[in-house]
Amino acid sequence: MNEFFTKLTDINNVVNTWIWTDFGLYLLLAAGVIMTLVTGVFQVSHLRHWWSNTIMTIFKKDNAATKKTDAKSITQFQALCTALAATIGTGNIAGVAAAICIGGPGAVLWMWVAAFVGMMTKYSEAVLGVYYRRKNKDGEWSGGPMYFISDGLGKIKGLKVPAAILAVLFAAFTILASFGIGNMGQVNKIVLNMESAFFANVNWTIGSVNMVNLSIGIALLIVGAVIIIGGLQRVAAFAEKVVPFMAIAYIFFGLIAMFINFDMILPAIKSIFVHAMGVEALAGGAAGAAIKLAVVQGCKRGVYSNEAGLGSSALVHASADVKEPVKQGMWGIFEVFLDTIVVCTMTALIALTSGQIDLEAGMAKAGVSDATLISDAFGNVFGQPGRWFVALAMLFFAFTTVLGWSQYGSKAVEYLFGTKGVKVYKIIFVLMIVSGSVMTSSLAWDISDTFNGLMMIPNLIGVVALSPMVFKITRNYAARKMKGCNVKPMYSYDPEIQDAFEKANQ
């Protein structure tokens with residue numbers, strides 16, 4: 001078994017390096033910049049509009065975001081919570097800690113940069129996902145990159161076959177990624193944090209298997225099976241209740257931890273900007289290597305956290321009960337904002353003000369582990385209950401991520417094998433939960449990174465190639481909703497769906 005994991009690690013390292021160092025990273029940032037320019041820097045120029053039409057709508061009496069007219073769909077807010085369930089996970093806690101320990105405090109700045117342009121990448125994914133969706137045999141909406149690649153990119157002369165191949169590749173990579181980023185990586189971090197917080201003194205092994213970890217994995221399998229097999233409606237209902245509660249609780253206790261270490265906040269922020277451009281003590285090639293490491297880790301963990309560029313959340317945004325593609329796209333902007341700019345930034349500042357990071361040298365102090373950095377930071381403030389809180393936060397964040405990704409994988413399987421294949425996939429997915437509980441931490445994370453990148457490439461090719469369509473849909477919406485022009489709306493590429501939505505508005 002050890003030889004198998006060693007060989008798997010070697011193969012994964014080759015692919016991972018190509019994706020995250022040689023090609024994929026530049027494609028990710030370039031796509032974000034392109035979509036930001038195509039939409040007229042929408043995340044800034046229309047800040048008030050998208051803010052008032054996303055999270056602020058839940059405070060309005062006539063709140064369409066939490067209502068639906070189609071029993072087979074989910075509400076706009078449920079789509080957001082399900083997407084956030086899949087994104088607010090270990091990347092927000094362990095992922096940020098890993099980025100800082102490996103890439104230094106400067107990685108945080110590059111995480112922000114990736115998030116800023118990533119807002120419009122995710123916006124574009126959601127817009128295209130809704131515009132190119134269709135109903136499946138069960139009457140549910142099905143959409144996402146494989147559909148807008150095949151039906152959008154595929155309609156361009158000479159690109160039908162390449163588009164079909166890219167669509168299949170995206171679906172295949174999504175299925176694989178659902179077992180990595182969406183399952184094994186999440187479960188692995190749950191187990192490590194639960195063991196550290198609650199079972200540190202328990203030594204129960206059979207052979208080379210840690211039975212505590214295995215027991216936690218089996219418990220997660222049972223609960224996961226009940227929710228996952230119930231389908232999107234059950235996952236969305238669970239996410240709608242759990243995600244907001246855990247996000248608010250994490251932000252609340254995080255603010256307390258930061259307030260107690262208030263005197264360290266400014267030095268922490270300074271270290272982020274100083275080390276983003278290289279460590280002052282280094283020169284020449286060494287400084288360049290430091291900058292590159294900060295960029296790679298920041299962007300890498302940023303994508304792991306908010307998934308902008310992967311195309312994954314478009315799979316669930318397409319299921320929302322909404323006619324306007326731009327309306328759901330704006331929830332995509334808010335999703336990245338909350339996930340990275342708010343939650344990840346808070347995690348980073350908690351880590352940097354904890355005293356466990358040498359802010360001058362830009363590296364973790366001796367004996368500090370990224371796996372327990374945030375747990376120890378909360379523990380230093382709240383004592384043992386702080387470590388328990390992080391373990392529970394990791395449990396709920398990561399477990400909801402598993403649930404969200406089960407739906408991503410289900411839609412990918414549906415595209416390749418039809419609705420009948422989804423049942424088989426869900427059984428396999430649930431059983432794989434146990435694998436994450438006994439897999440080594442480093443390998444679980446490395447595999448997750450690789451599958452992220454493999455999904456990212458066909459998705460970003462599709463998004464960039466269809467940027468003119470994103471521009472048209474955005475301009476059409478702005479003309480009608482912001483300028484009051486009387487122009488025909490752009491709801492769907494499908495004439496039947498377009499006509500049905502137009503009649504519904506009459």
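## A buried ring and its partner

Tyr123 is buried, with a relative accessible area of 0%. This is a predicted model. In it, the structure holds 27 aromatic pairs. Take the rings of Phe42 and Tyr123. Their centres are 5.3 Å apart and their planes meet at 25°, so this pair is stacked. The label follows because planes under 30 degrees apart count as stacked.

What does this pair tie together? Phe42 belongs to helix H3 (residues 42–45), while Tyr123 belongs to helix H7 (residues 107–131). The pair therefore ties together parts that are 81 residues apart in sequence. Phe42 is buried too, at a relative accessible area of 1%.

## Two tryptophans, edge to face

Now look at Trp50 and Trp51. Their ring centres lie 5.9 Å apart and their planes are at 70°, so the pair is edge-to-face. The cut-off explains the name, because planes over 60 degrees apart count as edge-to-face.

Are these residues buried or partly exposed? Trp50 is buried, with 2% relative accessible area. Trp51 is partly exposed, at 32% relative accessibility.

## A cluster and two charges

Some rings join into a group. Ring pairs link Tyr250, Phe252, Phe253, Phe378, Phe382, Phe389 and Phe397 into a cluster. One of its members, Phe378, also appears among the buried residues of helix H16 (residues 373–382). The others on that buried list are Leu373, Ile374, Ser375, Ala377 and Gly379. Gly383 follows H16 and has a positive phi, near 75°.

Which residues lie over the face of Trp141? Arg133 does, at 3.9 Å from the ring centre. Lys135 does as well, at 4.5 Å from the ring centre.

## An unusual turn of the backbone

Most residues other than glycine have a negative phi. Val41 has a positive value, with phi near 50°. Where is Val41 found? Val41 sits in the loop between helix H2 (24–38) and H3. The residue is partly exposed, at a relative accessible area of 29%.

## Helix H10 and its neighbour

Helix H10 covers residues 211–228, which makes 18 residues. At 1.5 Å a residue, H10 should span 26 Å. The C-alpha atoms at its ends are 25 Å apart, which agrees. Many names appear on its list of buried residues. They are Met211, Val212, Asn213, Leu214, Ile216, Gly217, Leu220, Leu221, Gly224, Ala225, Ile227 and Ile228.

How do H10 and helix H18 (residues 419–438) pack? The angle is about 160°, and the axes are 8 Å apart. That makes H10 roughly antiparallel to H18, because angles over 145 degrees count as roughly antiparallel. The crossing of H10 past H18 is right-handed.

## Far apart in sequence

Some residues are separated by long stretches of chain, so here are their distances in space, C-alpha to C-alpha. Start with Tyr408, in helix H17 (residues 384–417). Tyr408 and Ala86 are 322 residues apart in sequence, with 9.0 Å between them in space. Tyr408 is buried, at a relative accessible area of 0%. Next comes Thr340, in helix H15 (residues 325–352). Thr340 is buried, also with a value of 0% relative accessible area. Thr340 and Ala114 are 226 residues apart in sequence and 9.4 Å apart in space.

Ser271 lies in helix H12 (residues 265–276). Is Ser271 buried or exposed? Ser271 counts as buried, at 3% relative accessibility. Its C-alpha atom is 9.8 Å from that of Val108, and the two residues are 163 residues apart in sequence. Last is Ile461, in helix H19 (residues 441–465). Ile461 and Leu27 are 434 residues apart along the chain, and their C-alpha atoms are separated by 8.7 Å. Ile461 is partly exposed, at 34% relative accessibility.

How values were computed. Residues are numbered from 1 along each chain as its sequence is written. This is a predicted model: local features need pLDDT of at least 70, side-chain atom pairs count only at pLDDT 80 or more; totals for chains, interfaces and linings use all residues. Side-chain values use heavy atoms; hydrogens and water are left out. Rings of Phe, Tyr and Trp (its six-membered ring) pair if their centres lie within 6.5 Å; planes under 30 degrees apart count as stacked, over 60 as edge-to-face and the rest as tilted. Helices (H or I, at least four residues) and strands (E, at least two) are DSSP runs, numbered from the N terminus. Buried means under 20% relative accessible area, exposed over 50%, partly exposed in between (1.4 Å probe, protein chains only). A charge sits over a ring if NZ of Lys or CZ of Arg is within 6 Å of the ring centre and within 35 degrees of the ring normal. The expected span of a helix is 1.5 Å times one less than its number of residues. Axes are lines fitted to C-alpha atoms, for helices over the stretch in contact, and angles run from 0 to 180 degrees between N-to-C directions. Angles under 35 degrees count as roughly parallel, over 145 as roughly antiparallel, 65 to 115 as roughly perpendicular and the rest as oblique. A crossing is left-handed if the near helix is turned anticlockwise from the far one by less than a right angle, and right-handed if clockwise.
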